[in-house]
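Ready for some practice in reading a protein structure? Take a look at the model below, then work through the exercises one step at a time.

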Amino acid sequence: MILILKPNTQPDEVAPIEAFLTSNGIIVQDIVGESTHMIGMAGDTTGISEDKLLRFNCVERIVHVQEPYKLAGRKFRPADSAVNIAGRTIGAGGFEVIAGPCSVENQEQIVSIAKDVKASGAGLLRGGAFKPRTSPYAFQGLGLDGLNLLKIAREQTGLPIVTEIMSQEYIDVFARDVDVIQVGARNMQNFTLLRLVGEMRKPVLLKRGLSSTLVELLMAAEYVMSGGCTQVILCERGIRTFETATRNTLDLSAIPVLKSRSHLPVVIDPSHATGYWQLVAPMSLAAVAAGCDGLIIEVHNHPEKALCDGAQSITPGQFSELMDKIKRIRDIVRPTVST
Ligand code: PEP
Ligand code: MN
């Protein structure tokens with residue numbers, strides 16, 4: 001539901017209605033335009049009668065929102081959201097490339113890759129410490145030791161770190177040490193984890209589930225946001241289709257669809273979407289041309305020896321070449337700023 005307020009409504013008229021709503025467990029979002037003021041309502045509104053709402057003098061009319069996502073939806077926030085991480089901005093015109101290995105393997109590896117990707121213009125460092133592997137016998141990540149190595153790489157380069165949380169066990173450590181909490185594709189519908197991550201109030205990179213629709217992705221974002229977090233980045237990382245030539249199928253149309261339905265930034269992961277390093281550059285450029293707000297790319301200094309996802313990792317040299325091309329495409333599609 002959205003309450004449309006009468007023109008020239010004063011703040012002291014808005015406060016009582018917002019207090020009434022929050023005391024009934026409703027999450028309230030102010031939607032203030034140049035000459036309009038609306039109040040978005042998220043949560044269980046079944047117990048709140050329209051009569052009661054219309055009794056507040058400042059309420060002109062009530063509009064029902066059909067979409068099941070509210071806080072994540074454009075109707076609740078018409079302007080693009082920006083997620084700010086240590087001076088970097090993703091969304092609302094801000095564009096960043098997140099780069100690094102699939103998994104943190106040792107200090108030399110993560111620090112050397114971090115330095116290389118930074119030199120080529122990456123704004124954030126990725127690296128898995130806790131890895132969701134299909135086989136229980138495959139490398140599971142270095143765990144807390146991996147997190148400590150990421151911190152060393154951050155100290156040495158200044159790059160904020162993006163890493164995946166797998167369970168609630170280390171929630172306090174992630175809250176303290178990690179700049180962007182990644183929720184992986186396999187946990188996109190782990191609703192307990194989504195709620196807890198939302199309560200951390202830190203930037204979250206939320207990956208689309210392997211077989212999830214875009215509405216399901218937006219509902220997962222709604223879980224995170226209903227916990228209080230406003231800094232959510234949506235990530236398309238390829239979905240399961242009948243095609244076997246690639247690891248997954250990159251759904252490029254997710255970019256314009258998500259951006260029309262949601263104000264949240266959209267980042268593309270061409271590495272997991274394709275599974276092959278040869279496809280990472282073309283799909284990155286296509287995603288930039290389609291208007292994404294950033295990319296997350298796997299880079300490894302020795303892909304042939306990588307403990308995880310070597311086949312889809314590009315080298316620092318290839319990353320540097322790709323960054324030059326990304327800048328050129330961005331120059332074409334970047335919204336022009338009028339002076
Ligand atoms: C990853 O980014 O390391 C990862 C495991 O990705 P996804 O959850 O998209 O498979
Ligand atoms: Mn990977």
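Here are three exercises, each with a worked solution.

This is a predicted model, in which local features need pLDDT of at least 70 and side-chain atom pairs count only at pLDDT 80 or more, while totals for chains, interfaces and linings use all residues. Residues are numbered from 1 along each chain as its sequence is written, chains are lettered from A and ligands numbered from 1 in the order in which they are written, and side-chain values use heavy atoms, leaving out hydrogens and water.

**Exercise 1. Find the protein donors of the manganese ion (ligand 2).**

Step 1: Look for donors, that is, N, O and S atoms within 2.8 Å of the metal (3.2 Å for Na, K and Ca); water is not among the atoms, so sites may look incomplete. You should find Cys-102 (SG), His-272 (NE2), Glu-298 (OE) and Asp-309 (OD), at 2.0 to 2.4 Å from the ion.

Step 2: Write their spacing in sequence, which is C-x169-H-x25-E-x10-D.

Step 3: Place two of the donors among the helices (DSSP runs of H or I, at least four residues) and strands (runs of E, at least two), both numbered from the N terminus. Cys-102 sits in the loop between strand E7 (96–100) and helix H3 (107–119), and Asp-309 in the loop between strand E14 (294–298) and helix H11 (316–333), so the pair ties together parts that are 207 residues apart in sequence.

Step 4: Check accessibility, where buried means under 20% relative accessible area, exposed over 50% and partly exposed in between (1.4 Å probe, protein chains only). Both Cys-102 and Asp-309 are buried.

**Exercise 2. Describe Ala-86, which has a positive phi.**

Step 1: Recall that most residues other than glycine have a negative phi. Ala-86 is not a glycine, yet its phi is about 45 degrees.

Step 2: Locate Ala-86 in the loop between strand E5 (83–85) and strand E6 (88–90).

Step 3: Is Ala-86 buried or exposed? Its relative accessibility is 56%, so Ala-86 counts as exposed.

**Exercise 3. Describe Ala-92 in the same steps.**

Step 1: Read the phi of Ala-92, which is near 55 degrees and so positive, in a residue other than glycine.Step 2: Find Ala-92 in the loop between E6 and E7.

Step 3: Use its relative accessibility of 44%, at which Ala-92 counts as partly exposed.
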